[in-house]
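Here is a set of exercises to work through with the model open beside you. Try each task before you read the solution under it.

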Amino acid sequence: MSKRTHARRGTTRPIRLLGDPVLRTECDPVRTFDTALERLVDDMFATMYEEDGAGVAANQVGVGLRVFVYDCEDDKGRRHVGHVVNPRLVATGGELLVEPEGCLSVPGMRFDTPRHAYAAVEGVDVKGRSVRVEGTGYFARCLQHECGHLDGGLYIDVLSGDVRREAMRAIRDLRR
């Protein structure tokens, strides 16, 4: 598969893995909009592309701030590329879709994860300008997943029943 590219320049950062406390800590709001924030966003894009991810939250690169980047398609095949600073998941809806989902912080594992078919996120960009991002299908899944990270969650937290037991068993086996 060809690497997706983006006009930004950045430096890849190591992805934090399950077990790192930064992934389980609610991220702080961004209060300073400066070149350091722009560099963080550039680095997050570079990291996402290097790891072939659909999105990356700041805490996944060890920074406890409310920021995520994304590059993924919706259910109509339209590509969405961008970032949101201080995002709030303001709406979800449509049917609950249960589809395989993975995470760069839980590498090599995919589990059937329930997510709403529609999601809307509001926040600002790196310059502090208001943004609203709406998505359907896989893009809606991405928006919900990344907002979950910033609240200190992982996709495995939304699993239930047999799928959750299977995921927890797989994670335990991995740690042995």
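**Exercise 1. In this predicted model, find which residues R66 is in contact with, leaving aside its neighbours within four places in sequence.**

Solution. Step 1: place the residue. R66 sits in the loop between β1 and β2 (67-73).

Step 2: list its contacts. Leaving aside neighbours within four places in sequence, R66 is in contact with E26, C27, D28, P29 and V30, with V84, V85, N86 and P87, and with L150 and D151.

Step 3: look for a polar partner in that list. The side chains of R66 and D151 are joined by a polar contact of 3.1 Å.

Step 4: check the accessibility. R66 has 12% relative accessibility, so it counts as buried.

**Exercise 2. Take D52 and N86, and work out where each one lies and whether it is buried or partly exposed.**

Solution. Step 1: start with the backbone of D52. This residue is not a glycine, yet its phi is positive, at about 60°.

Step 2: locate D52. Its place is the loop between α1 (35-51) and β1 (55-57). With 38% relative accessibility, D52 counts as partly exposed.

Step 3: turn to N86, one of the contacts of R66. N86 is also not a glycine and has a positive phi, of about 55°.

Step 4: locate N86. This residue belongs to strand β3 (residues 79-103). N86 counts as buried, because its relative accessibility is 18% and the cut-off for buried is under 20%.

**Exercise 3. Describe how β4 and β5 are paired, and say how many bridges join them.**

Solution. Step 1: count the bridges and note the direction. Strand β4 (residues 106-124) and strand β5 (residues 130-136) run antiparallel and are joined by seven bridges.

Step 2: pick out one pair. V121 has V133 in β5 as its bridge partner.

Step 3: examine the hairpin. Five residues stand between the two strands, and in this hairpin G128 takes a positive phi near 90°.

**Exercise 4. Find out which residues have the most contacts inside the largest nonpolar core, and which element gives the largest share of this core.**

Solution. Step 1: recall the general background. In soluble globular proteins, nonpolar side chains tend to be buried together.

Step 2: identify the core. The largest one has 18 residues, and those with the most contacts inside it are L37, L40, M44, V61, V67, V69 and V85.

Step 3: assign it to elements. Those that give two or more residues to this core are α1 and β2, and α1 provides the largest share, seven residues.

Step 4: zoom in on one member. Leaving aside neighbours within four places in sequence, M44 is in contact with V56, A57, A58, V61, V67, F68 and V69.

Step 5: look for another core. Apart from the largest one lies a core of 16 residues, including A119, V121, C147 and L150.

**Exercise 5. Decide how many disulfides the model has, using C72 and C142 as a test case.**

Solution. Step 1: recall what is being sought. A disulfide is a covalent bond between the sulfur atoms of two cysteines.

Step 2: check the distance. For C72, the nearest cysteine sulfur is that of C142, 3.8 Å away. The cut-off is within 2.5 Å, and C72 is in no disulfide. C142 is in no disulfide either, with the sulfur of C72 as its nearest.

Step 3: give the total. The count comes to zero disulfides.

Step 4: add the accessibility. C72 is buried, at 4% relative accessibility, and C142 is buried, at 5%.

**Exercise 6. For three salt bridges, determine which partner is buried and which is partly exposed or exposed.**

Solution. Step 1: recall the principle. Side chains of opposite charge can pair when their charged atoms come close.

Step 2: take D71 and R79, whose side chains form a salt bridge of 2.6 Å, N to O. D71 is buried at 1% relative accessible area, whereas R79 is partly exposed at 45%.

Step 3: take D74 and R78, with a salt bridge of 2.8 Å, N to O. D74 is buried at 7%, while R78 is partly exposed at 47%.

Step 4: take D125 and R129, which meet in a salt bridge of 2.8 Å, N to O. D125 is buried at 9%, and R129 is exposed at 51%.

Step 5: widen the view. R88, E122, R132 and E134 are joined into one network by salt bridges that share partners. The whole structure holds 15 salt bridges.

Definitions and conventions. Residues numbered from 1 in each chain as written. Predicted model: local features only at pLDDT ≥ 70, side-chain atom pairs only at ≥ 80, totals over all residues. Heavy atoms only, no water. Buried < 20%, exposed > 50% of the residue type's maximum accessible area, 1.4 Å probe, protein only. Salt bridge = Lys/Arg side-chain N within 4 Å of Asp/Glu carboxyl O. Helix = DSSP H or I, 4+ residues; strand = E, 2+ residues; numbered from the N terminus. Pairing = 2+ DSSP bridges. Polar contact = N/O pair within 3.5 Å; in protein donor to acceptor, adjacent residues only side chain to side chain. Contact = heavy atoms within 4.5 Å. Core = buried A, V, L, I, M, F, W, Y, C linked by side-chain atoms within 4.5 Å.
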